[in-house]
Amino acid sequence: MATNRQWLLDSRPTGEPSMENFEQVESEVPEPGPHEVLVRTLYMSVDPYMRGRMRDAESYAEPWDVGDPMKAGVVGEVETSNHPDFEAGDVVTGQLEWADYAVAEGRDLRTVNPEHGPVSTALGVLGMPGVTAYFGTTDVAEPKPGDTVVVSAAAGAVGSVVGQIADLTGCRVIGIAGADEKIEWLESVGFDEGINYKEEDVSSRLREACPDGVDVYFDNVGGPVTDAVWPLLNVRARVAVCGQISLYNETEVPTGPRKLAKLIESRARVEGLLVRDYEDRWGEALQRLSTWVASGDVEYRENVVEGLENAPDAFLGLFEGTKIGKQLVQVGERSD
């Protein structure tokens, strides 16, 4: 009988998570019940929002209890199926456990089309991050040709796609990231200019890069970077709030916001977004994104960590800010 390795939440982190918050256990491979599917993990996603699920606090994502299995977006291969829509060998994706094998209800899985690209992209540019970027840009930020668009965490899986969609729309796009290597890549895929927030004064550089102000701000980080963008918002600007990674490890969230007076002057619109609100329109986004990826209009980067045993390290690496694109863990290989 094959052994199934699995990661559990061992304790709740205080501040930045560490390896002490995770525990690996082993058990027998589970058996699927009626209408269930046994999936062998190929790739597993790690994402910043998971930090919120490690807290014992109300949020848009239900928190894990201590001792619960860690969960993530997974691409896997069907081993055994008791559901009519799937058969052994199918490649599927869904929210599954950090494990070699996991059982899921068939209704909770989606088939991955390998013709659209490497199956790993179903967790990145052709998965949740790409769909978030698509609807966050087209439905929430609503860029128009000639707009100036600023994207924070621009070299991440979401931000990089946002900027490229804005570029395709005919906008001037400014990306904020934390390394010169990231800036170079962003400028190679359609961003007009990049700002290294670790090496440059963001406020002064934004004024230089956005002499006519900011029409769209796609916010992935919050904190001082967002504070620097705020004074430049134009009349009827749109702010899409997707993430606040600069605050995820704070034990006490700083008091605020204190810059709302700018919204009176600018009549700007600030709107948060959750990709789950667009579940019935995923097909629309994936069709557009896969077309752009196939044509080269949208490019992507993946940072792949090998081995399920290294999943916590991959997750912790998100908060170092050193990676470009989508952070993935490769657990297995396709049988064919």
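Helices, of at least four residues, and strands, of at least two, are DSSP runs numbered from the N terminus. By that numbering, Y49 sits in the loop between β3 (36–45) and α1 (50–53). The model is predicted.

**Exercise 1. Decide whether Y49 is buried or exposed, and place it relative to A61.**

Step 1. Take the cut-off: buried means under 20% relative accessible area.

Step 2. Apply it. The relative accessibility of Y49 is 18%, so Y49 counts as buried.

Step 3. Turn to A61. Y49 and A61 are twelve residues apart in sequence. In space, their C-alpha atoms are 8.0 Å apart.

**Exercise 2. Work out the strand order of the six-stranded sheet and name its edge strands.**

Step 1. Read the order: β10-β9-β8-β11-β12-β13. The sheet is open and its pairing is parallel.

Step 2. Find the strands that pair on one side only. These are β10 (193–196) and β13 (269–272), the edge strands.

Step 3. Check the twist. Neighbouring strands are turned by 15 degrees against each other on average, direction ignored.

Step 4. Recall the general rule. Strands of a sheet pair through backbone hydrogen bonds, either parallel or antiparallel.

**Exercise 3. Trace the bridges from β11 through β8 and β9 to β10.**

Step 1. Start with β8 (residues 148–152) and β11 (residues 214–219). Three bridges join these parallel strands. V150 has Y217 of β11 as its bridge partner.

Step 2. Move to β8 and β9. Five bridges link them, again in parallel. Here T148 is partnered by R172 of β9.

Step 3. Finish with β9 and β10. Four bridges pair them in the parallel sense. The partner of I174 in β10 is E193.

**Exercise 4. Which way do the residues of β8 and β10 point, and are they buried or exposed?**

Step 1. Sort β8 by direction. T148, V150 and S152 point one way, while V149 and V151 point the other way.

Step 2. Count the buried residues. Five of the five in β8 are buried, so the strand is largely enclosed by the rest of the structure.

Step 3. Repeat for β10. E193 and I195 point one way, G194 and N196 the other way, and all are buried. β10 is also an edge strand of the sheet.

**Exercise 5. Describe how helices α3 and α4 lie on the sheet, and which residues of α3 are buried.**

Step 1. Place α3 (residues 159–169). This helix lies across β8, β9 (172–177) and β11, and runs at about 170 degrees to β8.

Step 2. Place α4 (residues 180–188). This helix packs on the sheet and touches β9 and β10. Its direction makes about 170 degrees with that of β10.

Step 3. Assess the cover on α3. Eight of its eleven residues are buried, and the helix is mostly covered. The buried ones are G159, S160, V161, V162, G163, Q164, I165 and A166.

Step 4. List what those residues pack against: α2, β8, β9, α4, β11 and α8 (282–295).

Step 5. Look just past the helix. G170 follows α3 and has a positive phi, near 100 degrees.

**Exercise 6. Classify the packing of α2 against α3 and against α8.**

Step 1. Recall the description used. Two packed helices are described by the angle between their axes and the distance between the axes.

Step 2. Take α2 (residues 128–141) with α3. The angle is about 40 degrees and the axes are 8 Å apart. That makes α2 oblique to α3. The crossing is right-handed.

Step 3. Name the contacts. G130, A133, Y134 and T137 of α2 meet V161, V162 and I165 of α3. By class, this contact has five nonpolar, two polar and no charged residues.

Step 4. Take α2 with α8. The angle is about 100 degrees and the axes are 10 Å apart. That makes α2 roughly perpendicular to α8.

Step 5. Name the contacts again. α2 supplies M128, G130, V131, Y134 and F135. α8 supplies W282, E284, A285, L286, R288, L289 and W292. By class, there are nine nonpolar, one polar and two charged residues.

**Exercise 7. Locate T226 and list its contacts beyond its sequence neighbours.**

Step 1. Locate the residue. T226 lies in helix α6 (residues 223–229).

Step 2. Judge its exposure. T226 has 9% relative accessibility, so T226 counts as buried.

Step 3. Set aside neighbours within four places in sequence. T226 is then in contact with Y217, D219 and V221. Y217 is also the bridge partner of V150.

How values were computed
Residues numbered from 1 in each chain as written. Predicted model: local features only at pLDDT ≥ 70, side-chain atom pairs only at ≥ 80, totals over all residues. Heavy atoms only, no water. Buried < 20%, exposed > 50% of the residue type's maximum accessible area, 1.4 Å probe, protein only. Pairing = 2+ DSSP bridges. Axes fitted to C-alpha atoms, helices over the stretch in contact; angles between N-to-C directions. Contact = heavy atoms within 4.5 Å. Parallel < 35°, antiparallel > 145°, perpendicular 65-115°, else oblique. Left-handed = near helix turned anticlockwise from the far one by under 90°. Nonpolar A, V, L, I, M, F, W, Y, C, P; charged D, E, K, R; others polar.
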